[in-house]
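Please find below a colleague's note on this two-chain entry. The points are numbered and kept short.

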Amino acid sequence: MSQLLIPIIVPAIAGGLCLLIPRRVKAVREVLTLAGLAWAFVAALQLFGQWPLSFTRDWVMFGDMSVQFDLVLSHFSAFVLVFVGFFGLGVALYSMSWLSKEHDGRRYYAYLLWTIAASAGAVLSNNLLLLLIFWEALTAILFFFVNTGRKERDAADGAAKSFVMLGLSDAALFLAIAFIWVRFGTLSMDQLSIFVGDGATISIYVLMMIGAITKAGAMPFHTWVPALGKGAPTPVMALLPASIDKLLGIYLLARLSLDIFNIGPGMQLLLMIIGAVTILGAVLMALVQHDLKVLLSYHAVSQVGYMVLGIGTGVPIGIAGGLFHMLNNAIYKTCLFFGAGAIEKQTGTTEISKLGGLAKAMPLTFISMAIASLAISGVPPFNGFVSKWMVYSGLVELGSRGMSYYWIFLVAAFFGSALTMASFVKVLYSGFLGQRLSKFAQVREARWPMTVPMLVLAALCIVFGVWAKFPLDTFINPIVPGAAATAASGAIDVSVGFWNPSLATGLIILGILVGLGVFGIGKLSTRRVAHVFIGGRKPPDPIDSMHVTGTGFYNTIKETKGLRSVFANAEQRIFDVYEMGGRLGNVFVQSLRSVHNGVLSTYLAWAVIGLGAIIFALLSALLRQLAGGR
Amino acid sequence: MASTLGLVLNFLIFPGLLFTAIVGLLTQWVDRKVSARVQWRVGPPWYQPFADILKLLGKEILIPEGAGRTGFLFAPLAGLAAVGVVSTMLWLANIQGGGFVGDLIGVLYLLTIPSLGMIIGAAASGNPLASVGASREMKLVLAYELPFIIAIFTAVTKVSPMTLRLDGILDYQAVNGVLLGNASCIIAFIVAILCAQAKLTYPPFDVPEADTELMDGTHMEYSGAALAVVKLSQAMMLFTLPIFFITIFWGGIVLTGWGILYTIIKYVIIVTIIVLIKNTNPRVRIDQAVRFFWGPVTVLAIIGMVLAMVGL
């Protein structure tokens, strides 16, 4: 058996076995899942570096054209494969603790394994039809996977919505693939090189792009992500919309825009507009959410904007930044969802208004979520800063090449970053900081299967930020033509800018040490614990009544003139393609339906009118015939 | 290795933490003296800010009950360190040229860390009034950040070839004259000064601290050495922001011959503008501040940017 098949077949078989194992023996199922995913991950690691590797079998024949079962390992697909395996393993470990005792996890683990198998297949396939099949399989698995959620109603709603939206985008992909077949006669990705110029190629590209960005969750096809956030099991959110869907969607978008199609400035501009709108629109929505998981879902959308924007620049540093952001986002967003899941598990809620002061009770969750929050906000020296910095540099380079309105995208991305920071200040404040509520007195830290994956991911946020040269040189730069412009000293040196993350970090740490020295002079040992000062009065005990919830943190922003109507429209779901499509369909159906009022005379009237119309048509035809005959 | 050691010394002594702190405190004295003169008072002697810090270092640190201690004590330190790094970056770009982390985006992000540190620290204190202050400070950051970015990138747009390197911007100005000579950059400079007022949380944008309303809001629970660190980073910020504007818009720092005097004059002019705005305007509400920055100031910044696009 070819090595290439292991990451696909092993999890697929393990998933089947999971369903066969009797309900009671949960432990065996957990071990099987972990073993299957660990095997897939190790296989992916072994494959890394072995490109080019391929596996080809004749598959189906259509007339004189054969479609081949064609897997190819390239640097890019090997890199994505490694991280698909990595996140799968992390989520499996996390799920061991997340699933409650009553939940046997039979279907849950099977879907988890199949998700990894299908993702590995999608990444490796070199044939567009094969890719489409794995892609569709993922959509279907997601639907069932989400339905294992506990809040049944919300989970089912979200599952249905994402199934419809992803299904439609898959249909777009299918249509594009059919067009490619008809026009170019091949479906092998490495043989295709399509110049996007005329109407046909533009529509093929746009259709395929819709397939890719819907999976990634970019606007305007994003609404399935927050809908899932309401009810889906948290590890599913961490696995699919947060990490694997990003990896796959952006992988496809990058393959399309860099290899398969030769896109011009027009399409690049389209991508950049989608990116900038996604960043700002989604983060504004995130700012005013009341539920932690929905808030994180909107950020899962917003961050896609940076990746699409980066790829849209068409400048090596920008593309590399977009792809690096894809990796970084998967890391910190998974960590954040894990944290939200830990909070949910330990306190029973993710509603922001009901949380508060958990930092002392759950220190490890707090630390990892704080690091991930700083990373997603782009605070140096964490990983999110480096990839955002690269995207900005790409935009400035576009500007220096004469695109005078580059700054609109730059400001959108930059300001989106500030809004992200604000949103995560709200998360950290409402979840962990502030006064500890008395109802949480008994809350303890989550168990190790939950905390270990979180801490590992948080550590990666630091490592990929401080030693950014390592992931860039190993994973990113070799797959972007012309992006290997890094200097030797660990700094990232491009034509428009220069950033040395290790050095900056060193200095910041040094500065903090100096500050600690100042504390030392001030005799930190003479510190004393006192009541909070609220104007001289003794604070009530418990202090719950004085708790400031994070819910209304940004009401000022929400009520600012100009934004007020935007938020009101968003609450009416004006920007939701799914909802608007539904409404349009509804208008059509309702207008037909209003005709059916059940009154006999109305139906008779319709019948008479119809009869009249037929007679009129027949008569006029007859008359015309007569006139023509004469 | 020698260069690393040199850099560490640069960061710790000159032009980093120590130097920035000293000049920042001296600037704070100028601020207090000018404010006093505006209000027909005599004002403190020059060493007053130093004495204040020294006094605070000798006091005990009070930690509020139920506070997240690590966050409460640690967050202000991150702010202090970040201002120190920015100051080092700016000075080294001016006096040595490149070679260091001299990048504009790094500066812009690092300059938000003191505010972020203050917000996290205040939120960790567990004081409800400090929480309100933290919420306001974050909204204020959002408010000024939009025009501030546009203003700074107006300068980048004017530089050709466009660059994010501080030394690149300085080199361009050395050859082609200061950016402040352009209409677009004059507008951007005005916008940046207005934003600096909010970055320093000086009146009329002292909404997060609002001493008559929130009793110092974000700073409320800090005492002793921790308060000293907070005050020190504020003083350093007061020194760093004008230097940043001089670097970006006004030809940078020159430490030879008449350049020294010229640099000091530039610095004093910017500080005086900030102090005068501070003393002549009453505090606004947070929603007014947000509307002010997102409304007229952003429009002004965009006008500046459009002028830069057409080459003015």
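What percentage of the 312 residues in chain B do buried residues make up?

1. **Burial in chain B.** The model is predicted. In chain B, 63% of the 312 residues are buried.

2. **Make-up of chain B.** Chain B holds eleven helices and one strand. Read from the N terminus, the order is α-α-α-β-α-α-α-α-α-α-α-α. The radius of gyration is 19 Å, and the globule rule gives 20 Å for 312 residues, so chain B is as compact as a globular protein of that length.

3. **Extent and contacts of chain B.** Along the principal axes, the C-alpha atoms of chain B fill a box of roughly 55 × 50 × 40 Å. Take the contacts in chain B with a separation of 6 or more: 80% of them join residues 24 or more positions apart.

4. **The A–B interface.** Here 75 residues of chain B are in contact with 69 residues of chain A. On the chain B side, seven elements are listed below, each supplying at least two residues:
   - helices H1 (2–12), H4 (69–95) and H5 (104–124) of chain B;
   - helices H6 (128–158), H9 (224–249) and H11 (286–309) of chain B;
   - strand S1 (62–64) of chain B.

   H6(B) gives the largest share of that side, with 17 residues. By class, the side of chain B that touches chain A has 50 nonpolar, 16 polar and nine charged residues.

5. **A strand pair across the chains.** Which strand of chain A pairs with S1(B)? Strand S7 of chain A, residues 528–530, does so. The pairing is parallel and runs over three bridges. One end of a bridge is Ala530(A), and its partner in S1(B) is Pro64(B). S1(B) is also among the elements on the side of chain B that touches chain A.

6. **A helix pair within chain A.** Packed helices are described by the angle between their axes and the distance between the axes. For helix H2 (residues 26–47) and helix H4 (residues 106–124) of chain A, the axes come within 10 Å and cross at roughly 10 degrees. An angle under 35 degrees counts as roughly parallel, so H2(A) is roughly parallel to H4(A).

7. **Residues at that helix contact.** H2(A) brings Arg29(A), Thr33(A), Gly36(A), Leu37(A) and Ala40(A). They meet Arg106(A), Tyr109(A), Leu112(A), Leu113(A), Ile116(A) and Ala120(A) in H4(A). By class, the contact of H2(A) with H4(A) has seven nonpolar, two polar and two charged residues.

Terms used
Residues are numbered from 1 along each chain as its sequence is written. Chains are lettered from A and ligands numbered from 1 in the order in which they are written. This is a predicted model: local features need pLDDT of at least 70, side-chain atom pairs count only at pLDDT 80 or more; totals for chains, interfaces and linings use all residues. Two residues are in contact if their C-beta atoms, placed from the backbone, lie within 7 Å. Helices (H or I, at least four residues) and strands (E, at least two) are DSSP runs, numbered from the N terminus. Ala, Val, Leu, Ile, Met, Phe, Trp, Tyr, Cys and Pro count as nonpolar, Asp, Glu, Lys and Arg as charged, and the others, Gly among them, as polar. Two strands pair if DSSP finds at least two bridges between them. The radius of gyration is taken over C-alpha atoms; the globule rule is 2.2 Å times the number of residues to the power 0.38. A residue is buried if 20 or more other C-beta atoms lie within 10 Å of its own, exposed if 12 or fewer, and partly exposed in between; C-beta atoms are placed from the backbone. Axes are lines fitted to C-alpha atoms, for helices over the stretch in contact, and angles run from 0 to 180 degrees between N-to-C directions. Angles under 35 degrees count as roughly parallel, over 145 as roughly antiparallel, 65 to 115 as roughly perpendicular and the rest as oblique.
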